[in-house]
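Okay, thanks everyone, let's get going. I'll put the structure up and then talk through the layout, one helix pair and the cysteines.

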Amino acid sequence: MRSMTWKQIAQFLNCPEPHQREIVQGFCVDTRLLKPGEVFVALVGTRVDGHAYLEEAQKKGALAAIVGNSYRGPNYGLHLFHVADPLDALQELARAVLANGRSQIVAVTGSVGKTTTKEFIKSLLSSRYAVAASPGNSNSQVGVPLSVLNHTTGNEEILVLEMGMTEPGQLARLVQIAPPDVAVLTTAALVHACNFASLEAIALTKAEIFSHSQTKLGILHYDLSNLTTLSEVGSCPKISFSTTSSDADYSLDRVMDNTLRVKGGKETFRLGHIHVPGAHNVHNALAAVVVARYFGLSWEEIKTGLAMLRLPEKRLQVVQREGVVFLNDSYNASEVSTKAALETLPEPVGEGCKVAVLGSMMELGQFSNDCHKRVGEFALDRVAKVMCLGEECRPIYDVWKKAGRSVELFLDRAALVAHLRQVLKPSDVVLLKGSRSKELWKVLEEL
């Protein structure tokens, strides 16, 4: 956590300086999570106004709050920092502390794989450097500044920050808050697609990660359809990576024991077995390797580090219950990640069969039906049964019904769990995959 006083907050935000010299214990935007000594930031959302929770914040132990200039209500014993916009103030605090620090920043974005790639980068770099990373998937306009203020100290040599977006301009704002020395674009896919007209538009918006003038290197997936256009975003040089194309600057030949080649014949190194399941996670690991090389890690250091990589929670986690093997990949879902998980399902033993429990893939807008349909078609050759949760999954159901295959559609999780209790048998292999709002990980708790 950053060490900061009320006086420093006032200076950063151009507010009147308080007489108190309290040291801040952190920042919080949700009173349900607030801890004593933290500053409450009264954000105004579409459904909730944080100013309505000032009294609760005081009862939870907050001593101060950042509020809008228009707020004229009681202070409930809190010291109030009045600002034009509380969100802008939170972001400005994060920008200011980073600007006054010396940490190099690695920013990671992508439609899928950004959290895993962030963790892989942190893991590799930690063998040589003092590294901090944003926790979980804290990648939003709120999550990034909270990550900086609450989960870094200012003593780190490198910060690895995950950055997300749901609409144009958001990544450009995040890189202004935390200007990256190295920016990584893992891939672009139809995720949070409801605000975009095409996959190319999503990719171009993701490329805002390269837009800051301070960025020294951009790293991106070679197989992106509009690679040339994306490479022209921002002034930094770009390096590409791929696990499928030898034309990338860094290419990985998985057939040849994960032999990595650097374009131009400069370097070739056999990385050997990468201890993470799924071809898509090898792709994420390769992105981390490129970052590690930028920071000077040797191939031997990288090879040793790759053997230590572990997946974040709810990503391809194997859980066994009464002889049934569950592959819990329920953290989130898109067409790309669902197909990857289906390909990663291990073979059952004995008389077991493969079962896919698929929750709706949300926020796809006009692309929803086609994405779900393609997942249904892809699953036909990879699992024996499909059980769907959510009306958005109806195209999957229709594909399987038309093919005469075993499929069920449920609109609530309780009914799904009751059905699983009846039909699952020892040695079955079950994939749990869906958008976070479907909370499919709770199936393991409720069975």
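**Domains, a helix pair and cysteines**

So, the centres of domain 1 and domain 3 are 44 Å apart, taken over C-alpha atoms. Keep in mind that this is a predicted model. The protein chain splits up as domain 1 at 4-83, domain 2 at 101-308 and domain 3 at 317-446.

Now, the helix pair. Have a look at α1, residues 6-13, and α3, residues 86-99: they pack with their axes 10 Å apart, at an angle of about 105°. Anything from 65 to 115 degrees counts as roughly perpendicular, so that's what we call α1 and α3. Who makes the contact? On the α1 side you've got I9, F12 and L13, and on the α3 side A89, E92, L93, A96 and V97. Sorted by class, the contact of α1 with α3 has 7 nonpolar residues, 1 charged and no polar ones.

Right, on to the cysteines. How many disulfides do we get? The count is 0, with a pair needing its sulfur atoms within 2.5 Å. Take C15: the closest cysteine sulfur is in C28, and at 19 Å from the sulfur of C15 that's too far for a bond. C15 is at 10% relative accessibility, so it counts as buried.

Then there's C388, which is in no disulfide either, and the nearest cysteine sulfur, the one in C393, sits 4.6 Å away. And is C388 buried or exposed? Buried, because its relative accessibility is 0%.

That's my bit, happy to rotate the view if anyone wants.

Note on methods. Residues numbered from 1 in each chain as written. Predicted model: local features only at pLDDT ≥ 70, side-chain atom pairs only at ≥ 80, totals over all residues. Heavy atoms only, no water. Axes fitted to C-alpha atoms, helices over the stretch in contact; angles between N-to-C directions. Helix = DSSP H or I, 4+ residues; strand = E, 2+ residues; numbered from the N terminus. Parallel < 35°, antiparallel > 145°, perpendicular 65-115°, else oblique. Contact = heavy atoms within 4.5 Å. Nonpolar A, V, L, I, M, F, W, Y, C, P; charged D, E, K, R; others polar. Buried < 20%, exposed > 50% of the residue type's maximum accessible area, 1.4 Å probe, protein only. Domains from an automatic or database assignment.
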